[in-house]
Amino acid sequence: MEQAVRATEEVWRAHSTVMRAAVDYSALHPVVGAAWSETVDRFARTMTQVLRSAGIPDDDGPDSASALAEALCWMTERTFYRASCVPDGDLGRASTTISEVWRRVMTG
């Protein structure tokens, strides 16, 4: 999980302008929106497996591994977006906070 968050941080660090544009235009352009949603969904599917491995059951409920992974991936995207928008935005701090949120979900 921490490796995935750090890798995401590096992508935001290297391509923050493009990443913000993808987020910003995803609501305005259906093709961009579909591509962005698919990207986040792909991460959520992978992280669902991580949460399952941590012992979180995956059923149809709002507290299932897949539901939590989807919400956490979208929160991760938004947190990095916000950190990259601020002139002195600290992507490293955002990454540490995101990892802590994931860790707490995984450990109950």
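Let's start with the crossing of α1 and α4, which is right-handed. Keep in mind that this is a predicted model. The axes of these two helices, α1 and α4, come within 10 Å. They cross at roughly 150°. An angle over 145 degrees counts as roughly antiparallel. So α1 and α4 run roughly antiparallel to each other.

Who makes that contact? From α1 we have Glu2, Val5, Arg6, Glu9, Trp12 and Arg13. From α4 we have Leu91, Gly92, Ser95, Thr96, Ile98, Ser99, Trp102 and Arg103. Sort the residues of the α1 and α4 contact by class. You get five nonpolar, four polar and five charged.

Next pair: α3 and α4. Their axes come within 9 Å. The crossing angle of α3 and α4 is roughly 165°. Again the cut-off is 145 degrees. Therefore α3 and α4 are also roughly antiparallel to each other. And the hand? α3 passes α4 in a right-handed crossing.

Look at the residues on each side. α3 brings Leu68, Ala69, Leu72, Cys73, Met75, Thr76, Thr79, Phe80, Ala83 and Ser84. They meet Leu91, Ala94, Ser95, Ile98, Val101, Trp102 and Val105 in α4. How many residues of the contact of α3 with α4 are charged? None: the split is 13 nonpolar, four polar and no charged.

Stay with this contact for a moment and find Thr76. Thr76 sits in helix α3. Its relative accessible area is 10%, so Thr76 is buried. Leaving out residues up to four places away in sequence, Thr76 touches Ile98 and Trp102. Both of those partners are on the α4 side of the α3 and α4 contact.

Third pair: α1 and α2. These helices pack at an angle of about 155°. Their axes are 10 Å apart. So α1 and α2 are roughly antiparallel to each other. Now check the hand. The crossing of α1 and α2 is left-handed.

On the α1 side you find Ala4, Thr8, Trp12, Met19, Ala22, Val23, Tyr25 and Ser26. On the α2 side you find Val32, Gly33, Trp36, Phe43 and Met47. The contact of α1 with α2 has ten nonpolar residues, three polar and no charged.

Now the core. Nonpolar side chains tend to be buried together in soluble globular proteins. Here, the largest nonpolar core has 22 residues. Six residues have the most contacts inside that core. Find them in the structure: Trp12, Trp36, Leu51, Cys73, Phe80 and Trp102. Which helices feed this core? α1 (2-26), α2 (30-53), α3 (65-85) and α4 (91-107) each supply at least two of its residues. The largest share, seven residues, comes from α3.

One of those core residues deserves a closer look: Trp12. Set aside its neighbours within four places in sequence. Trp12 is then in contact with Met19, Arg20, Val23, Trp36, Glu77, Phe80, Tyr81, Ser84 and Leu91. Trp12 also appears in the α1 contact with α4. And Trp12 takes part in the α1 contact with α2.

Glu77 was on that list for Trp12. Glu77 lies in helix α3. Is Glu77 buried or exposed? Glu77 has 7% relative accessibility, so Glu77 counts as buried. Not counting residues up to four places away in sequence, Glu77 touches Trp12, Val23 and Trp36.

Ser84 was on the Trp12 list too. Let's reach Ser84 through Ser16, in helix α1. Ser16 has a relative accessible area of 18%. Buried means under 20%, so Ser16 is buried. Leaving aside residues up to four places away in sequence, Ser16 touches Val11 and Ser84. Ser16 and Ser84 are 68 residues apart along the chain. Yet their C-alpha atoms are separated by 6.3 Å.

Last stop: Arg82, in helix α3. Arg82 has a relative accessible area of 49%, so Arg82 is partly exposed. Pair Arg82 with Arg20. They are 62 residues apart in sequence. In space, Arg82 and Arg20 are 9.1 Å apart, C-alpha to C-alpha.

Conventions:
Residues are numbered from 1 along each chain as its sequence is written. This is a predicted model: local features need pLDDT of at least 70, side-chain atom pairs count only at pLDDT 80 or more; totals for chains, interfaces and linings use all residues. Side-chain values use heavy atoms; hydrogens and water are left out. A nonpolar core is a set of buried Ala, Val, Leu, Ile, Met, Phe, Trp, Tyr and Cys residues joined through side-chain atoms within 4.5 Å. Buried means under 20% relative accessible area, exposed over 50%, partly exposed in between (1.4 Å probe, protein chains only). Helices (H or I, at least four residues) and strands (E, at least two) are DSSP runs, numbered from the N terminus. Contact means heavy atoms within 4.5 Å. Axes are lines fitted to C-alpha atoms, for helices over the stretch in contact, and angles run from 0 to 180 degrees between N-to-C directions. Angles under 35 degrees count as roughly parallel, over 145 as roughly antiparallel, 65 to 115 as roughly perpendicular and the rest as oblique. A crossing is left-handed if the near helix is turned anticlockwise from the far one by less than a right angle, and right-handed if clockwise. Ala, Val, Leu, Ile, Met, Phe, Trp, Tyr, Cys and Pro count as nonpolar, Asp, Glu, Lys and Arg as charged, and the others, Gly among them, as polar.
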